[in-house]
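Trainee: I would like to take a close look at a single part of this model, and then see how the rest is arranged around that part. Could you go through it carefully with me?

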Amino acid sequence: MVVGIVGLGLMGGSLGLALQNTKLVSKIVGFDHNLSHCEEALKLGLIHDIVSFAEIKTCDVIFLAIPVGGIIKALQDLKDVQDTTTIIDLGSTKAEIVASVPESIRSNFIAAHPMTGTEKFGPSAAIQNLYHDKVVVLCDTDNSNDLHKNRAIQMFSHIGMKIVFMDPISHDAHASFISHLPHVISYALANSVMGQEDPKSILALAAGGFRDMSRVAKSSPQMWSDIFRQNKNNLLSSIEVFEQELEKSKKMIEEEDWKGLEAWMSKATTLHKIL
Ligand SMILES: NC(=O)C1=CN([C@@H]2O[C@H](COP(=O)(O)OP(=O)(O)OC[C@H]3O[C@@H](n4cnc5c(N)ncnc54)[C@H](O)[C@@H]3O)[C@@H](O)[C@H]2O)C=CC1
Ligand SMILES: O=C(O)C(=O)Cc1ccc(O)cc1
């Protein structure tokens with residue numbers, strides 16, 4: 001099979017690396033609208049060749065590893081692929097993407113969200129084992145043809161992924177709390193601290209906790225503004241729930257309810273029993 005990857009950053013580049021180790025794939029070609037990313041990806045050996053978007057359309061499997069707004073636009077440009085071409089997107093949101101798929105290619109399409117990643121971006125962020133032993137959520141597969149569904153399952157399984165099926169609306173509601181809200185909080189924390197503290201103090205006093213909680217605030221603002229735009233309503237609900245928890249802790253501190261605060265924190269510590 002010839003695989004075409006659109007977007008040669010963290011997700012597309014890491015996929016190129018992972019697929020090179022499978023017997024399923026005879027050639028991996030890539031396309032990126034940023035020429036320097038094309039050159040870098042080729043130099044790093046993430047793909048075998050760079051091709052035009054027109055040539056991507058002739059691949060057996062096309063992966064869309066670009067920001068979620070770009071995925072919706074790219075799907076319009078893929079309207080005329082052959083019935084045997086599988087199109088898989090890797091976007092972090094699913095409902096708007098699935099709703100936007102042109103009817104002529106709905107059966108070719110697989111909506112996937114790999115639940116793995118890092119705060120780094122671009123081709124140099126690509127890593128060999130990013131997908132290994134991680135979960136990929138596949139959405140709305142009842143509307144995909146069996147050939148394409150089975151191909152997607154086969155490819156994700158070959159790179160060591162565990163597959164979970166979900167409808168796109170539920171996916172976006174869950175992803176809002178478990179993935180998108182933590183990113184909003186991390187950006188907010190970074191801005192709160194930088195608004196009050198000078199760089200010298202931050203450097204001198206930053207311990208592990210602050211580094212851990214602010215790590216994802218290094219993530220691509222372009223990628224995340226697209227995600228927040230597509231998952232706006234779920235994200236607003238998640239932020240409200242978080243505000244209520246902050247408010248609860250503020251009130252207990254104001255009222256010196258240390259017992260209440262301790263119980264509130266004890267409940268939070270149980271999260272890591274399931275992670
Ligand atoms: N970063 C992460 O940890 C995760 C990201 N995702 C999703 O994967 C997708 C890709 O994200 P990353 O690889 O992290 O981003 P990235 O910023 O590392 O790479 C994206 C690449 O796509 C290129 N690009 C952007 N728009 C394009 C277009 N219209 N046509 C061709 N090339 C284009 C960029 O030049 C860049 O090289 C996004 O939809 C994101 O929501 C999913 C799971 C994890
Ligand atoms: O860096 C991290 O810890 C992440 O959480 C990466 C990530 C970013 C976006 C996704 O849709 C899924 C995973």
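Trainee: In which sense do strand β1 (residues 2–6) and strand β4 (residues 61–64) pair, and over how many bridges?

Mentor: This is a predicted model, and within it strands β1 and β4 pair in the parallel sense over four bridges. Two of the facing positions can be named: V3 stands opposite V61 in β4, while V6 stands opposite L64 in β4. On its other side, β4 pairs with β5, again in the parallel sense and over four bridges, and here the bridge partner of F63 is I88 in β5. The wider setting is an open sheet of eight strands, in the order β3-β2-β1-β4-β5-β6-β7-β8, with mixed pairing. The edges of that sheet are formed by β3 (49–50) and β8 (162–166), each of which pairs on one side only.

In a regular strand the side chains alternate between the two faces of the sheet. For β4, V61 and F63 lie on one side and I62 and L64 on the other, and all of these residues are buried, which leaves both faces of the strand covered.

From β4 one can step across to I88, which is found in strand β5 (residues 86–89). With 25 other C-beta atoms within 10 Å, I88 is buried, because the cut-off for that class is 20 or more. The C-alpha atoms of I88 and V61 are separated by 7.5 Å, although the two residues are 27 residues apart along the chain. If neighbours within four places in sequence are left aside, the contacts of I88 are V61, F63, I110, A112 and A152, so that V61 and F63 of β4 appear again in the surroundings of this residue.

β4 also takes part in the surroundings of helix α1 (residues 10–19). Ten of the ten residues of α1 are buried, so the helix is largely enclosed by the rest of the structure. The buried residues include G12, G13 and G16 as well as L10, L15, L17 and L19. They pack against β1, β2 (27–31), α2 (35–43), β4 and β6 (109–114), and thus both partners of the pairing you asked about, β1 and β4, are among the elements that α1 packs against.

Turning to the helices, α7 (residues 168–196) and α11 pack at an angle of about 60 degrees, with their axes 9 Å apart. The two helices are therefore oblique to each other, and α7 passes α11 in a right-handed crossing. In this contact D172, A173, S176, F177, H180, L181, V184 and I185 of α7 meet N234, L235, S238, I239 and F242 of α11; by class, the contact has eight nonpolar, four polar and one charged residues.

Helix α11 (residues 232–254) also packs with helix α12 (residues 258–269), at an angle of about 150 degrees and with their axes 8 Å apart. That angle makes α11 roughly antiparallel to α12, and the crossing of these two helices is left-handed. On the α11 side the contact is made by K248, S249, M252 and I253, and on the α12 side by G260, L261 and W264, which by class gives four nonpolar, two polar and one charged residues.

Note on methods
Residues are numbered from 1 along each chain as its sequence is written. Chains are lettered from A and ligands numbered from 1 in the order in which they are written. This is a predicted model: local features need pLDDT of at least 70, side-chain atom pairs count only at pLDDT 80 or more; totals for chains, interfaces and linings use all residues. Two strands pair if DSSP finds at least two bridges between them. Axes are lines fitted to C-alpha atoms, for helices over the stretch in contact, and angles run from 0 to 180 degrees between N-to-C directions. Angles under 35 degrees count as roughly parallel, over 145 as roughly antiparallel, 65 to 115 as roughly perpendicular and the rest as oblique. A crossing is left-handed if the near helix is turned anticlockwise from the far one by less than a right angle, and right-handed if clockwise. Two residues are in contact if their C-beta atoms, placed from the backbone, lie within 7 Å. Ala, Val, Leu, Ile, Met, Phe, Trp, Tyr, Cys and Pro count as nonpolar, Asp, Glu, Lys and Arg as charged, and the others, Gly among them, as polar. A residue is buried if 20 or more other C-beta atoms lie within 10 Å of its own, exposed if 12 or fewer, and partly exposed in between; C-beta atoms are placed from the backbone.
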